[in-house]
Amino acid sequence: MITIFTDGAARGNPGPGGWGAIVAGDETVTELGGREDYTTNNRMELLAVISALESIPHEHEMTIYTDSAYVLNGSTRWVVGWQKNNWKTSQKEDVANRDLWERIYKLTFHRIIDWKLLKGHAGHAPNERCDVIATSFADKKSIVLYSGAKERYGVSLSITDKKEVGSAEREWSKVRTRKTYSYVSEVGGVIQTHKTWEECKARVHGVSGARFKKTVSPADEEEIIREFQK
């Protein structure tokens, strides 16, 4: 299982910005970071998630910790509607940061993600480390990013404050990533629907050319079946 921690920062908002991410697998940990000369905090928060997901293109199940309600709510509640409405809000306005939200949509649609909302600057070691990475890049300060064995990583990856995580869990119980209705798979021209990810995974895992998608409603299932039939 992959665990991701992310954070973003912008000086002046807009202004110089940076992002930081920690991607932890069963045995390895990789830190990521980057910057832009003129940006916003929200864009850096989004880019941290995007960069982490792009670094693990073949992983389908993971947990993502963020201290940005904007990122969590957008990824779990809003982005599906925006995409269906040609990237317009419910008020018929253009979606802010559309370019990054389109990337989020493509990177998360086929994945099983548990999104967790952390309170920022609350003493969670991995969140604090991501903040250090993000602000260092924003300020153009030198920083060494770790990539290596998990057992040698000097930052605790445990989230042990139940009170802080509890608020995230309550939020998560309301907005679990695009609540799943079913999964649709296509192998060798044959389309099937599955009620669980394990069933779908068993059919497509390791099969060359196999396609699969998660659906969020009966109408969504029908639309994806039509797409696979083309």
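User: What makes a residue count as buried, exposed or partly exposed here?

Analyst: Buried means a relative accessible area under 20%, exposed means over 50%, and partly exposed lies in between, with a 1.4 Å probe and protein chains only. By that rule, buried residues make up 48% of the 230 residues in the protein chain. This is a predicted model: local features need pLDDT of at least 70, side-chain atom pairs count only at pLDDT 80 or more, and totals for chains, interfaces and linings use all residues. Residues are numbered from 1 along each chain as its sequence is written, and side-chain values use heavy atoms, with hydrogens and water left out.

User: Why is Thr 66 called buried or exposed?

Analyst: Thr 66 has a relative accessible area of 1%. The limit for buried is under 20%, so Thr 66 is buried. Thr 66 sits in strand S4; strands are DSSP runs of E with at least two residues, helices are runs of H or I with at least four, and both are numbered from the N terminus.

User: Which class fits Asn 13, and which fits Asn 86?

Analyst: Asn 13 has a relative accessible area of 43%, so Asn 13 is partly exposed. Asn 86 reaches 53% and is therefore exposed. Asn 13 belongs to the loop between S1 and S2, Asn 86 to the loop between H2 and H3.

User: What makes the backbone at Asn 13 worth a look?

Analyst: Phi of Asn 13 is near 45°, a positive value in a residue other than glycine. The peptide bond from Asn 13 to Pro 14 is cis, with omega near 15°.

User: How do you know that the chain is as compact as a globular protein of its length?

Analyst: The radius of gyration, taken over C-alpha atoms, is set against the globule rule, 2.2 Å times the number of residues to the power 0.38. The chain has 18 Å, close to the 17 Å that the rule gives for 230 residues, so the chain is as compact as a globular protein of that length. Its secondary structure comes to seven helices and nine strands.

User: What makes a set of residues a nonpolar core?

Analyst: A nonpolar core is a set of buried Ala, Val, Leu, Ile, Met, Phe, Trp, Tyr and Cys residues joined through side-chain atoms within 4.5 Å. The largest one here has 36 residues, and Ile 4, Met 62, Ile 64 and Trp 101 touch the most other members. Helix H1 gives the most to this core, with eight residues.
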